Amino acid sequence: MTNTPALPAKPELTIKGLFSQETVKKKFQELLGTKMQGFVTSVLQCVASNDLLAKADPHSVYHAAAVAATLDLPLNNSLGMAYIVPYNVRQPDGNKKTMAQFQMGYKAFIQLAQRSGQFKTINATEVREGEIKHHDRLSVEITFEWIQGPDRSKSPVVGFVAFFKLLNGFEKS
């Protein structure tokens, strides 16, 4: 019996390592053109600033980033457009694995609606305690009485509401 030397262990793929691969760079170049380098840098900054995200499966980070790139949404937490969020996902063997997922912020919904050219008006705001005056659950009509002035910020936020009106006249809140 001959002793064959053991092969060195394959190094574990990191997020930074994955995003430095030529095939990944090429894919983001196709999606983003000249914005590719800044986008990839923002992905790596998101990962570096979030310990859970840094532990996420690199391919799940790639897929989440690819969705943001496809929609041309920046991944910068302070802009509130799009996020890569880590989740612990239970595996079939019972262990948990950290996976990243794309999550769109409300500002991105507004941005995408504006890009469509179909909206006459679109807005969103928080709703404070005491501002909902009537809610018809069947017609889903809600009547608000907005608190005015500096006292509004003293009331706790109980939810959010959005409104849009299309160019063809259809509207919904």
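A residue counts as partly exposed when its relative accessible area lies between the buried range, under 20%, and the exposed range, over 50%. The structure treated in these exercises is a predicted model.

**Exercise 1. Classify Lys165 and Glu171 by accessibility, and describe how the two residues are related in the sheet and through their side chains.**

Solution. Begin with the accessibility of each residue. Lys165 has a relative accessibility of 26% and therefore counts as partly exposed, and Glu171, with a relative accessible area of 43%, is partly exposed as well. Next, turn to the strands: S6, which covers residues 157–166, pairs with S7 in the antiparallel sense over two bridges, and in this pairing Lys165 stands opposite Glu171 in S7. Finally, look at the side chains, where Glu171 and Lys165 meet in a salt bridge with a distance of 3.9 Å from N to O.

**Exercise 2. Give the order of the strands in the open sheet of three strands, and explain which strands stand at the edges.**

Solution. The order is S3-S6-S7, and the pairing is antiparallel. Strand S3 (119–128) and strand S7 (171–172) each have a single partner strand, so one side of each is left without a neighbour in the sheet, and these two strands stand at the edges. As background, strands of a sheet pair through backbone hydrogen bonds.

**Exercise 3. Check the span of helix H3, and work out how its buried residues are placed around the axis.**

Solution. First, compare the expected span with the model: helix H3 (residues 36–48) has 13 residues, which at 1.5 Å a residue should span 18 Å, and its end C-alpha atoms are 18 Å apart, which agrees. Second, list the buried residues of H3, which are Met36, Phe39, Val40, Ser42, Val43, Cys46 and Val47. They cover an arc of only 155 degrees around the axis, which puts them on the same side of H3. Third, consider the other side of the helix, where Gln45 and Ala48 are exposed. Last, ask what covers the buried residues of H3: the covering elements include helix H1 (15–19), helix H2 (22–32), helix H4 (51–54), helix H5 (58–70) and strand S1 (82–90).

**Exercise 4. Describe the hairpin formed by S4 and S5.**

Solution. Strand S4 (residues 132–136) and strand S5 (residues 141–144) pair in the antiparallel sense over four bridges, and Asp136 has Glu141 in S5 as its bridge partner. Four residues lie between the two strands, and in the turn Val140 has a positive phi of about 60 degrees.

**Exercise 5. Find which parts of the chain are tied together by the salt bridge between Arg152 and Glu131, and place Arg128 in relation to this pair.**

Solution. Start with the pair itself, whose side chains meet at 2.8 Å, N to O. Arg152 lies in the loop between S5 and S6 and Glu131 in the loop between S3 and S4, so the pair ties together parts that are 21 residues apart in sequence. Both Arg152 and Glu131 are buried. Now add Arg128, which lies in strand S3 and is buried, with a relative accessible area of 14%. Beyond its neighbours within four places in sequence, Arg128 is in contact with several residues, among them Ile147, Arg152 and Val158. The last step joins these residues, since Glu126, Arg128, Glu131 and Arg152 are linked in a network of salt bridges.

Notes:
Residues numbered from 1 in each chain as written. Predicted model: local features only at pLDDT ≥ 70, side-chain atom pairs only at ≥ 80, totals over all residues. Heavy atoms only, no water. Pairing = 2+ DSSP bridges. Expected span 1.5 Å × (residues − 1). Buried < 20%, exposed > 50% of the residue type's maximum accessible area, 1.4 Å probe, protein only. Arc of directions from axis to C-beta. Contact = heavy atoms within 4.5 Å. Salt bridge = Lys/Arg side-chain N within 4 Å of Asp/Glu carboxyl O.
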